[in-house]
Amino acid sequence: MKTCEAFIIGGSAGSLEVLLRVLSEVRSDLSFPIIIVVHRKHGADSLLPNLLASRTSLIVKEVDEKEKINAGTVYVAPSDYHLLIEQDRTFSLDYSEKINYSRPAIDATFQTAAEVYKKKLVCLLLSGSNADGVNGLKSVKAWGGQAVIQDPASAQVAYMPAQAKLHVEIDRILGIEDIAEFINLLSNQSYHE
Amino acid sequence: MELSAINDEQVEMLISDLLEQYGYDFTGYSRASLKRRISRLYSLDKALSFAEFRYRIYSDQAYFKRFVEQITVNVTEMFRDPVFFKTLRDVVLPKLGTYPFIRIWLAGCSTGEEAYSISIILKELNLLHKSLIYATDLNPAVLEKAAHGMFAMSQMKQYSENYILSGGTQDFSTYYTANYSLAKFDEELKQKIIFSTHNLVSDHSFNEFQLILCRNVLIYFERELQHNVLDLFDESLEDLGYLALGTKETVDFSRIANRYKRLPGHKIWRKVGHENM
């Protein structure tokens with residue numbers, strides 16, 4: 001038995017609609033934070049958090065650097081920075097080289113989170129057209145966390161979750177309609193592996 | 001890299017070695033980024049063991065230099081965040097242009113792309129002749145590159161677009177000559193730039209400036225060090241001078257916050273000097 005301390009979602013091309021649907025169905029008293037890392041164009045930073053906030057009563061905000069990570073909050077990675085998790089459960093930002101042609105890179109957040117939350121981390125990889133997130137999910141598994149992917153068959157762009165399925169021992173493969181329920185069931189309770 | 005090549009305890013050992021042996025103080029740096037950089041270098045250089053890696057950094061001066069260069073982030077571009085440079089061009093520099101002499105400190109200048117960007121704007125505003133840009137970094141290796149004023153040709157399309165978005169109206173390609181894969185920027189642009197080492201953690205204020213730029217450096221520091229560095233900037237900035245930070249950085253919640261007034265919508269603050277203005 002273990003509890004979920006953080007739920008991180010990585011997505012790229014074709015993930016926005018999934019995120020909007022999932023957030024509209026996630027319970028409003030979540031016992032952990034949801035951290036969202038999506039590839040997006042640089043600039044117009046407030047647009048995505050505002051759009052996501054329109055679908056949920058949870059607080060949705062773009063991450064500020066050194067911000068403390070709170071349960072029941074949806075955090076969105078700022079564009080053009082890598083989003084890292086510190087051991088003291090705060091965020092930090094990093095403007096180093098792009099990884100997998102991406103900044104933010106899903107790998108960077110998954111990997112640093114894996115070392116912090118260990119078994120209490122669940123990471124979900126959504127639709128996308130490159131392999132970002134795959135190495136991150138490997139780290140999550142190595143540290144005892146759970147790796148979850150959107151069913152490639154349901155993804156607008158199957159490549160990213162399909163690559164994960166190919167290279168990582170995945171714990172759960174979820175259809176779009178099952179994601180929110182999966183998250184809700186993790187909340188405020190211990191769960192079996 | 002499923003498991004980091006370097007663990008948290010090893011990061012602390014290296015940080016303490018650097019301080020003891022070389023006087024470089026990384027104790028106030030945020031650890032997640034530092035650990036990633038060190039692990040990356042460890043893998044890149046195919047270190048045989050942590051003990052060997054540590055010994056080499058401790059005893060080999062040349063490798064130590066490489067280590068510092070590699071663990072600090074030196075990614076930068078010309079006219080990054082064009083809207084920011086447009087504000088410099090349209091608001092900040094014209095205001096400073098009324099002074100007889102303009103002193104600018106670019107802290108954490110890395111390979112110099114921003115220094116040349118500012119120099120170009122000053123030239124176009126006819127202010128370059130009475131300006132001086134102190135461009136500093138803790139890392140001597142990047143300063144050597146910066147002083148050459150040569151950047152990859154492959155970047156020029158992007159930089160030219162940034163330049164135009166920042167309000168530039170000239171043909172950007174007139175500022176450099178293509179030399180195979182490198183663009184060599186005009187000598188004139190660097191005549192007013194002084195490249196010099198300065199460590200924000202341990203070095204003191206060295207002049208008074210009307211404009212200090214330090215973008216995407218504070219993000220690598222823990223809160224306490226961030227506040228110390230902001231104090232250093234405050235000591236080094238004249239009244240009514242400007243302080244420019246990165247997109248995600250702020251003077252809010254620091255000890256100097258109440259003496260600074262933000263330009264609405266921008267990460268630029270003006271030192272208004274009095275408390276509670």
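**Exercise 1. Determine how strand 1 and strand 2 of chain A pair, and place them in their sheet.**

Step 1. In this predicted model, strand 1 (residues 6–11) of chain A pairs with strand 2 (residues 34–38) of chain A in the parallel sense, over five bridges. Helices (H or I, at least four residues) and strands (E, at least two) are DSSP runs, numbered from the N terminus; two strands pair if DSSP finds at least two bridges between them. Residues are numbered from 1 along each chain as its sequence is written, and chains are lettered from A and ligands numbered from 1 in the order in which they are written. Local features need pLDDT of at least 70, side-chain atom pairs count only at pLDDT 80 or more, and totals for chains, interfaces and linings use all residues; side-chain values use heavy atoms, with hydrogens and water left out.

Step 2. Ile8(A) has Ile35(A) in strand 2 of chain A as its bridge partner.

Step 3. The open sheet has seven strands in the order 3-4-2-1-7-8-9 (chain A), with parallel pairing. Its edge strands are strand 3 (59–62) and strand 9 (172–174) of chain A, each of which pairs on one side only. From one strand to the next, the twist averages 20°.

**Exercise 2. Find which strands of chain A are touched by helix 3 and by helix 5 of chain A.**

Step 1. Helix 3 (residues 106–117) of chain A packs on the sheet and touches strand 1, strand 2 and strand 7 (121–125) of chain A. Contact means heavy atoms within 4.5 Å. The direction of helix 3 makes about 165° with that of strand 7 of chain A. Axes are lines fitted to C-alpha atoms, for helices over the stretch in contact, and angles run from 0 to 180 degrees between N-to-C directions.

Step 2. Helix 5 (residues 159–167) of chain A lies across strand 1, strand 7, strand 8 (146–150) and strand 9 of chain A. Helix 5 runs at about 140° to strand 8 of chain A.

**Exercise 3. Describe the packing of helix 3 against helix 4 of chain A.**

Step 1. Helix 3 of chain A and helix 4 (residues 134–142) of chain A pack at an angle of about 10°, and their axes are 7 Å apart. The two helices are therefore roughly parallel. Angles under 35 degrees count as roughly parallel, over 145 as roughly antiparallel, 65 to 115 as roughly perpendicular and the rest as oblique.

Step 2. Residues in the contact include Phe110(A) and Ala114(A) of helix 3 of chain A, and Leu137(A) and Val140(A) of helix 4 of chain A.

Step 3. The contact residues divide into five nonpolar, four polar and one charged. Ala, Val, Leu, Ile, Met, Phe, Trp, Tyr, Cys and Pro count as nonpolar, Asp, Glu, Lys and Arg as charged, and the others, Gly among them, as polar.

**Exercise 4. Locate the backbone features in the loop between strand 6 and helix 3 of chain A.**

Step 1. Pro104(A) is in the loop between strand 6 (91–94) and helix 3 of chain A. The peptide bond from Arg103(A) to Pro104(A) is cis, with omega near 5°.

Step 2. Tyr101(A) is also found in the loop between strand 6 and helix 3 of chain A. Its phi is near 60°, a positive value in a residue other than glycine.

**Exercise 5. Work out the order and pairing of the three-stranded sheet of chain B.**

Step 1. The open sheet has the order 3-5-4 (chain B), with antiparallel pairing. Strand 3 (150–152) and strand 4 of chain B are at the edges, each with a single partner strand, so one side of each has no neighbour in the sheet. The twist averages 30° from one strand to the next.

Step 2. Strand 3 of chain B is joined to strand 5 of chain B by three bridges, and Phe151(B) stands opposite Ala183(B).

Step 3. Strand 4 (residues 176–179) and strand 5 (residues 182–185) of chain B pair over four bridges. Thr177(B) stands opposite Lys184(B). Their hairpin has two residues between the strands, and Tyr180(B) takes a positive phi near 55° there.

**Exercise 6. Characterise the contact between chain A and chain B.**

Step 1. In this contact, 29 residues of chain A meet 29 residues of chain B.

Step 2. The chains bury about 2400 Å² between them, 46% of it on carbon and sulfur atoms. Buried area is the accessible area (1.4 Å probe) that two parts lose on being put together, summed over both.

Step 3. Lys66(A), Tyr81(A) and Tyr95(A) supply 28% of the area that chain A buries against chain B, more than any other three residues.
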